[in-house]
Amino acid sequence: MEMGNVTTVQEFTLEGFPAIQHLGKVLFLVHLLAYLASIAGNAVIVTITCADSRLHTPMYFFLSTFSFFECCFTSAVIPKLLVILLLGKQTISFPACFIQAFVFVFLGAAGFLLIAVMSLDRYVAICKPLHYLTIMNPKTCFLLVTACFALAFPLITGLVVKVSQLPFCGPHVIPHFFCDLGPLIHLSCSDTRSVEMLAFVLALFVLLTSLIITSIAYSNIVVTIKRLPSAKEQQKAFSTCSSHLIVLSLIYGSCVFIYVKPKQMNRLDSNREAALVNTVVTPLLNPVIYTLRNKQVHQALRET
């Protein structure tokens, strides 16, 4: 492609959902309610975990950290979507766009690593209950969460910086409702094969690492549960893990669909709908599933 028309990009235009733009007010209300419910639910989990000493356990430490992630994750995307739906203001400045992309992808990558850590926590709790508190001591829990941040930060920072240095010739319309790296890469007028491959490899690394650890952990959990002599004990153990698995299936499924493919051009339109699962549906389900199925949380809520 000709490089003579390269200009300094000042802003991008987020396309949003043009096919249903006439339903802007209705969509605004739906997304606003979902966003507020998600923030409130996840904030409640963080609050009661800090307030109730009985919830000062590794499982709730990881759960509250994940809930905090979800609050930040959705807040990086949904407020701008609400502005688009209500006011029709679709422009976003170049720096704001890449800040949004960095926060979204960084928290997403760290969140997947945290999911793997939460799976390991459930594995130790169910398969090695006598050693659980010794293995998952406060120092280990803190180091595991810190490792999620520390591993994701350099990987995502390097990728976002590389994408931000690409030349953009126009048009500067992003076929999405937020600044995601895939659509941004396709707006560049240079050869983006190396950047696309880097993004694909990093996505594959993060998702596969998390998925493999989670799969191995839950495979061992299922085997251990099947060995329990009492049917009631089996049901209780499966109930503890089933909520986690429901959220995991939605998160992994949508992210594999969006990111684990070398060529994204043919699926950019469908990526918008899939991204709603991660940014709206799962952050909303996370507090609902964990609180409605947990007696300890019920009791902590009543007393708090």
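**Exercise 1.** Leaving aside neighbours within four places in sequence, find which residues valine 163 is in contact with, where contact means heavy atoms within 4.5 Å.

*Solution.* Once those sequence neighbours are set aside, valine 163 is in contact with Phe98, Phe168, Leu181, Leu184, Ile185 and Val195. The model is a predicted one, in which local features need pLDDT of at least 70 and side-chain atom pairs count only at pLDDT 80 or more, while totals for chains, interfaces and linings use all residues. Residues are numbered from 1 along each chain as its sequence is written, and side-chain values use heavy atoms, with hydrogens and water left out.

**Exercise 2.** Determine how many residues the largest nonpolar core has, and which helix gives the largest share.

*Solution.* A nonpolar core is a set of buried (under 20% relative accessible area, 1.4 Å probe, protein chains only) Ala, Val, Leu, Ile, Met, Phe, Trp, Tyr and Cys residues joined through side-chain atoms within 4.5 Å. The largest such core has 87 residues, and Phe12, Val163 and Leu184 have the most contacts inside it. Its largest share, 18 residues, comes from helix H4 (residues 94-127), helices being DSSP runs of H or I with at least four residues and strands runs of E with at least two.

**Exercise 3.** Work out the order of the three strands in the open sheet, and which strands stand at its edges.

*Solution.* The order is S2-S1-S3, with mixed pairing, where two strands pair if DSSP finds at least two bridges between them. Strand S2 (91-93) and strand S3 (173-174) each have a single partner strand, so one side of each lacks a neighbour in the sheet. Strand S1 (residues 11-14) pairs with S3 in the parallel sense over two bridges, and threonine 13 stands opposite valine 173 in S3.

How values were computed
Buried means under 20% relative accessible area, exposed over 50%, partly exposed in between (1.4 Å probe, protein chains only).
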